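Q: Please take a close look at a single part of this model. I would like one connected account that also places that part in the rest of the chain.

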Amino acid sequence: MFVDDYDFGAYKAVGFKSFTEVDKETVKGVKMSAPELSFKQWLSYAGNVGKVSPIPKDMKFGEVPEGVLRLGGTFVVSGQDVVYQWSDRIPGDHPDIDEVVSIAQEAEVKPDGVKALFGNLF
């Protein structure tokens, strides 16, 4: 789990951008499709987004909270090492989950304390 404040300093420190900072050509190259949700599931999703999006107390009606525009990412961490990092290019742009799980399984610290080697990642 990752938590940050309204300044998004931790997001910025790892290179995560705001959607407003993304190059338009990058956006064109991202292929995405909407998840297959029922109408009820879409309503639930929309309600949950509103509950978890940080909204500053001084925000005026019609303004878009920075937290809505802030892009995130995915990390695989093993001990003190980041063995995988993905930075979302646009909202909803996520890495291949099978690849992330595979990397996480390879990075698992073995009982004898020896990690798998990751020559293909660096």
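A: Exposed means over 50% relative accessible area and buried under 20%, with partly exposed in between (1.4 Å probe, protein chains only). The model is predicted, and local features need pLDDT of at least 70, side-chain atom pairs count only at pLDDT 80 or more, and totals for chains, interfaces and linings use all residues. Residues are numbered from 1 along each chain as its sequence is written, and side-chain values use heavy atoms, without hydrogens and water.

The protein has five helices and two strands (DSSP runs of H or I, at least four residues, and of E, at least two, numbered from the N terminus). From the N terminus on, the order of the elements is α-α-α-α-β-β-α. Of the 122 residues, 19% count as buried.

The part to look at is the hairpin of strand 1 and strand 2, with the rings that reach it. Strand 1 covers residues 73–78 and runs antiparallel to strand 2, residues 81–87, with six bridges joining them (strands pair if DSSP finds at least two bridges between them). Two residues lie between the strands of the hairpin, and Gly79 takes a positive phi near 65° there. Ser78, in strand 1, has a relative accessibility of 3% and therefore counts as buried. Val77 has Val82 of strand 2 as its bridge partner. Val82 has a relative accessible area of 43%, so this residue is partly exposed.

Phe75 of strand 1 connects the hairpin to a residue 59 positions away in the chain, Phe16. That contact belongs to a set of aromatic pairs (rings of Phe, Tyr and Trp, the last by its six-membered ring, with centres within 6.5 Å; planes under 30 degrees apart are stacked, over 60 edge-to-face, the rest tilted). A search of the whole structure finds four such pairs. One of them is Phe8 with Tyr11, edge-to-face, at 5.8 Å centre to centre and 80° between the planes. Both Phe8 and Tyr11 are buried. Phe16 and Phe75 have ring centres 5.8 Å apart and planes at 45°, so this pair is tilted. The Phe16–Phe75 pair links distant parts of the chain, as Phe16 sits in the loop between helix 1 (9–13) and helix 2 (24–28) and Phe75 in strand 1. Phe16 is buried because its relative accessible area is 7%, whereas Phe75, at 34%, is partly exposed. Ring pairs link Phe8, Tyr11, Phe16 and Phe75 into a cluster.

Away from the rings, the structure holds two salt bridges (a side-chain nitrogen of Lys or Arg within 4 Å of a carboxyl oxygen of Asp or Glu). In one, Asp93 meets Arg89, with the closest N and O atoms 2.7 Å apart. Asp93 has a relative accessibility of 4% and so is buried; Arg89, at 34%, is partly exposed. In the other, the side chains of Lys28 and Glu25 meet at 3.2 Å, N to O. Lys28 and Glu25 both belong to helix 2 and are three residues apart, about one turn of the helix. Both Lys28 and Glu25 are exposed.
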